[in-house]
Amino acid sequence: MNIEEIYKEANALLEGHFLLSSGKHSKFYLQSAKVLENPKTAEKLAMALAGQIKKSGITIDTVCSPALGGVLAGYELARSLGVRFIFAERVDKKMTIRRGFEIKKGENILICEDIITTGGSALEAAVVAQSMGANIVGFSALANRGFCKRVGSDKESKPTCKLPKNLPFFALADFEFDIYESDECPLCKDGSTAYKPGSRGN
Ligand code: ZN
């Protein structure tokens, strides 16, 4: 499966001048919501990811995603794996698990995101699930931005990767493109202004 092709076909691989949540600038942006707006595509991607995870032999009771980005990917993944799905969400910037979701002591939980960049939100979801008794068995995402080492890739993690090194990270593909500090951004130097993805109808 060529995931880059699937993102391109769904107009989910955007080109422009983007201000990322990290404050850095980039010429490209992955809008997973555009890929997942088609449930058939979402199902196909989740089945491929589930296949990879099943091969690893780890036991999963529940998939947990940080909202909002990870929810669709995580829900479809849970369906493919035949397990329960819950989500974590930010309340006053703090990641929490609410809505009556319960976690049994020692419950094997896999964290799922749509895209892992440094894995910050995924790690926060893991920490809160763990504080409720979960045994975190790994991390997963449809796409990897190339900062963290995924299972099956020989590219090492970069120092900015926040995922724990002792747990597996599953993803369908690496999308590596340059990210710039705002004062070193060549697009800014060319005179354009970075904007937040989503703020101009994308
Ligand atoms: Zn810029």
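In this predicted model, the zinc ion sits in a tetrahedral site, with angles of 95 to 116° among its four donor atoms. Those donors come from two histidines and two cysteines: H17 through NE2, H25 through ND1, and C185 and C188 through their SG atoms, at 2.0 to 2.4 Å from the zinc ion. Along the sequence the donor residues follow the spacing H-x7-H-x159-C-x2-C. The site thereby links distant parts of the chain, with H17 in strand 1 (residues 13–19) and C188 in helix 6 (residues 186–189), 171 residues apart.

The surroundings of these donors can be read from their accessibility. H17 counts as buried, because its relative accessibility is 4%, and C185 likewise counts as buried, at 1%. For C188 the value is 27%, so this residue counts as partly exposed.

Turning to the other cysteines, the count comes to one disulfide. The bond joins C148 to C161, with an S to S distance of 2.1 Å. Both partners lie in the loop between strand 7 (135–144) and strand 8 (169–174), 13 residues apart. The torsion about the S-S bond of C148 and C161 is about 105°, which means that the disulfide is right-handed. C148 counts as buried at 4% relative accessibility, and C161 counts as buried at 10%.

Why does C64 form no bond with the closest cysteine sulfur? That sulfur belongs to C112 and lies 9.9 Å from the sulfur of C64, too far for a bond; the cut-off for a disulfide is 2.5 Å. C64 itself counts as buried, with a relative accessibility of 0%.

Aromatic residues add further contacts, and the structure holds six aromatic pairs. One of these brings together F87 and F101, whose ring centres are 5.3 Å apart and whose planes meet at 75°, so the pair is edge-to-face. F87 lies in strand 4 (residues 84–91), whereas F101 lies in the loop between strand 5 (94–96) and strand 6 (108–116); the pair therefore ties together parts that are 14 residues apart in sequence. With a relative accessibility of 17%, F87 counts as buried.

Elsewhere, ring pairs link F18, Y29 and Y195 into a cluster. A ring also meets a charge in this model: the charged end of K158 sits over the ring of F147, 5.3 Å from the ring centre.

Terms used:
Residues numbered from 1 in each chain as written. Predicted model: local features only at pLDDT ≥ 70, side-chain atom pairs only at ≥ 80, totals over all residues. Heavy atoms only, no water. Donors = N, O, S within 2.8 Å, 3.2 Å for Na, K, Ca; no water. Tetrahedral: all angles 85-135°; square planar, octahedral: opposite > 155°, others 65-115°. Helix = DSSP H or I, 4+ residues; strand = E, 2+ residues; numbered from the N terminus. Buried < 20%, exposed > 50% of the residue type's maximum accessible area, 1.4 Å probe, protein only. Phe/Tyr/Trp six-rings, centres within 6.5 Å; stacked < 30°, edge-to-face > 60°. Lys NZ or Arg CZ within 6 Å of the ring centre and 35° of its normal.
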